[in-house]
Amino acid sequence: MFLYISSLRAYRKYNSKSWQTLETNKISETNSEAVPQARITSVANKTIIYEVDIIHKELLKIHDKLYEKRQDDQCEVRDPACVILGVAKSGTQELVDFASLHPHIILKPGLASRRMFDLRKDVRRHALLKEGKSPLPCSYSDQTVVLKSDDFLYDEEMPKILHRFNPKLKMILITREPVSRMISGFSFKYFQLIQRREKFVFKPEMLPEMDHYFINVSSGKVHERKEQRMSTYYTGMEHYLKIFPLNQILVLEANEFKDNPVKVLQRVEKFLDIKPVITDDFFTYVDEKGFYCLNSDQIYCYGSDRGRKLMKDLKPETMKILRDYFKPFNTKFFDQIGRDFDW
């Protein structure tokens, strides 16, 4: 954190106009009232709107439009049948958002806590309500409730807790090449720190030098930080495979999801044993963003706080040290899940 704060102080000495530019294009009069805070451009006769809150509203609208309620079915609070275990900065939020358009998936907003599972069923809801926490969402009998966490993979007690909760529980793990995940995590924290002061267009060159944050540049030793531990997926997966069979854990990869979200979401549909609904029609690739965006009456993309096309890299020698460090962990992880990723 000291690194973030000291670097921020240095950047505040810069000409404010060079980095505090509002992330806003000129908005046409026809759209300005509907989305006054969103950045808007256009392509292929459709408006591109860059605003996460508007994405969420559109996803909900599609979800509700697609759902056909069974006669006499009741919306009730049901236990989750699936948990997303993490990992942070691997696309967990994007996975949750895009999957939520499916009419048979109900996702609870926010992160799940251990306490949601570490109680007897007859006292769980009462305890949560007594603490003032939101209850689980209402769902119909043909819908699957999914909860998300960024770090359940690294909690050594969670596999036992989840197994007591439901030994047939399904889990989804989305991972990312370890070094790029760490760089993204650092960038996101730095972005958030500046964003508290001013809205701006994120540029990789704004980031401070990161090499010494991840390694001792003199000795070449990798620092044991949270970012490093969260990228050694083998150690977390080991705890789960002692309790659960592999066929109850769907392992996804960030680049596969980025390059072909429909294919990955169709794997989620099959894993959850729900009706196939998601097709290519729901998404379109936007060159400006460098990612797939939601395709509806208009095109809806995340702003610069998510899905950044360009990232600042580390020095080649630092990249080599880190990749060599993670290589044996990656190999063990690939052996665990029975497939390799291009890491």
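Taken in sequence order, the bonded cysteines of the chain pair 1-2, 3-4. The model is predicted. Searching the whole structure gives 2 disulfides.

One disulfide runs from Cys75 to Cys138, with S to S at 1.7 Å. This pair links distant parts of the chain, 63 residues apart. Cys75 sits in the loop between H4 and strand E3 (76-77). Cys138 belongs to strand E6 (residues 138-139). Buried or exposed, where does Cys75 fall? Its relative accessibility is 33%, so Cys75 counts as partly exposed. Buried means under 20% and exposed over 50%. Cys138 has a relative accessible area of 34%, so Cys138 is also partly exposed.

The other disulfide joins Cys293 to Cys301, with S to S at 2.0 Å. The angle about the S-S bond is 110°, and the link is right-handed. Here Cys293 and Cys301 are both buried. A further cysteine, Cys82, has a relative accessible area of 0%, so Cys82 is buried.

Now turn to helix H4, residues 52-66. Does the helix length fit, and what span should its 15 residues give? At 1.5 Å a residue they should span 21 Å. The end C-alpha atoms of H4 are 21 Å apart, which agrees. The expected value is 21 Å because the rise is multiplied by one less than the number of residues.

Which residues of H4 are buried? They are Ile54, Ile55, Glu58, Leu59, Ile62 and His63. An α-helix has 3.6 residues a turn, so residues three or four places apart point the same way. The buried residues of H4 pack against H5 and four strands: E2 (46-50), E5, E11 (291-295) and E12 (299-301).

Next, the interior spaces. There are 2 cavities of 30 Å³ or more. The largest has a volume of about 60 Å³. Its lining consists of Ile84, Leu95, Val96, Ala99, Ile105, Leu107, Val146, Ile172, Val268 and Leu272. Helix H5 (92-99), strand E5 (105-107) and helix H13 (261-272) each give two or more residues to this lining. H5 gives the most, with 3 residues. What is the make-up of the lining by class? It has 10 nonpolar residues, no polar and no charged ones.

The second largest cavity has a volume of about 30 Å³. Met182, Phe214, Val222, His223, Arg225, Glu227, Gln228 and Leu322 line this cavity. By class, its lining has 4 nonpolar, 2 polar and 2 charged residues.

Technical notes:
Residues numbered from 1 in each chain as written. Predicted model: local features only at pLDDT ≥ 70, side-chain atom pairs only at ≥ 80, totals over all residues. Heavy atoms only, no water. 1 Å grid on protein atoms, 1.4 Å probe; cavity = no way out; pocket = protein on both sides within 12 Å on 5 of 7 lines; lining within 4 Å. Points joined across faces, edges and corners; volume = space filled by probe spheres on them. Nonpolar A, V, L, I, M, F, W, Y, C, P; charged D, E, K, R; others polar. Buried < 20%, exposed > 50% of the residue type's maximum accessible area, 1.4 Å probe, protein only. Contact = heavy atoms within 4.5 Å. Disulfide = S-S within 2.5 Å.
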